[in-house]
Amino acid sequence: SEYADAGKGGDLEIMAPTIILEEASIGTYTSGSGRGGSVRLEAAEQVVISDFGIEMETSGVGASSNLEIMAPTIILEDMEIGAYAFFGSGSGGSVRLEATEQVVINDSRIDMATYSEYADAGKGGDLEIMAPMISLSEDTKIVVATTGSGQGGSVWLKATDQILLSGQSTRISSSSHGM
């Protein structure tokens with residue numbers, strides 16, 4: 001909505017003992033001043049997401065949606081997560097993965113980016129991954145970027161036991177390009 005008093009978008013919550021998402025996508029899109037709704041996946045045992053896309057985008061003054069995944073084990077394989085702020089002054093959405101045992105990310109891409117030439121461009125969203133063991137492998141890429149005047153988001157990997165990055169193409173990168 002373009003109105004100053006636009007409301008917040010609806011939330012998407014999926015809760016089950018095990019959540020398996022394959023060969024599909026979830027998208028949230030915000031324009032105008034309304035804030036995007038949140039996407040929350042919570043499982044008592046595990047969340048497994050493969051061959052899947054999650055995209056959260058804002059192109060107005062309202063903030064984008066946030067994504068939160070919580071389970072003992074989180075496995076992301078051959079998937080893409082994108083949290084984008086385009087053109088306006090809205091902030092990008094944040095992504096939070098929290099596991100009590102492990103987070104395993106294989107052959108996947110997580111993009112946290114803001115693209116705006118406005119002086120009051122919004123901040124890019126933050127990525128936070130928390131678990132005793134975190135593994136990024138097989139061409140996994142985490143990219144935090146800002147183009148224009150918006151501040152880039154932060155990446156936090158917090159493990160109590162081990163963080164493993166493997167594979168020649170696995171990388172975490174941050175970049176800023178002025179307009």
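Visitor: How many residues does the largest nonpolar core have, and which of them have the most contacts inside it?

Guide: This is a predicted model. As a general idea, nonpolar side chains tend to be buried together in soluble globular proteins. Here the largest nonpolar core has 33 residues, and Ile49 and Leu97 are those with the most contacts inside it.

Visitor: Which strands each supply at least two residues of this core?

Guide: They are β1 (12–30), β2 (39–58), β3 (67–86), β4 (95–106), β5 (109–116), β6 (127–137) and β7 (141–148).

Visitor: What is Ile49 in contact with, leaving aside its neighbours within four places in sequence?

Guide: Ile49 is in contact with Leu21, Leu41, Ile69, Ile75, Leu76, Glu77 and Met79.

Visitor: Where does Thr170 lie, and is Thr170 buried or exposed?

Guide: Thr170 lies in the loop between β8 (155–165) and β9 (171–177). Buried means under 20% relative accessible area. Thr170 has 13%, so it counts as buried.

Visitor: Which backbone nitrogens does the side chain of Thr170 pair with?

Guide: A polar atom of that side chain lies 3.3 Å from the backbone nitrogen of Asp139. The side chain of Thr170 also reaches the backbone nitrogen of Thr140, at 3.5 Å. Beyond its neighbours within four places in sequence, Thr170 is in contact with Leu136, Ser137, Glu138, Asp139 and Thr140.

Visitor: Which residues make a nonpolar patch on the surface?

Guide: Ile163, Leu165 and Ile172 make one of about 240 Å². Of these, Leu165 is found in strand β8. Its relative accessibility is 44%, so Leu165 counts as partly exposed.

Definitions and conventions:
Residues numbered from 1 in each chain as written. Predicted model: local features only at pLDDT ≥ 70, side-chain atom pairs only at ≥ 80, totals over all residues. Heavy atoms only, no water. Helix = DSSP H or I, 4+ residues; strand = E, 2+ residues; numbered from the N terminus. Buried < 20%, exposed > 50% of the residue type's maximum accessible area, 1.4 Å probe, protein only. Polar contact = N/O pair within 3.5 Å; in protein donor to acceptor, adjacent residues only side chain to side chain. Contact = heavy atoms within 4.5 Å. Patch = residues over 30% accessible without salt bridge, like charges linked within 9 Å, V, L, I, M, F, W, Y side chains within 5 Å. Areas by Shrake-Rupley, 256 points an atom, 1.4 Å probe, with all protein chains shown as cover. Salt bridge = Lys/Arg side-chain N within 4 Å of Asp/Glu carboxyl O. Core = buried A, V, L, I, M, F, W, Y, C linked by side-chain atoms within 4.5 Å.
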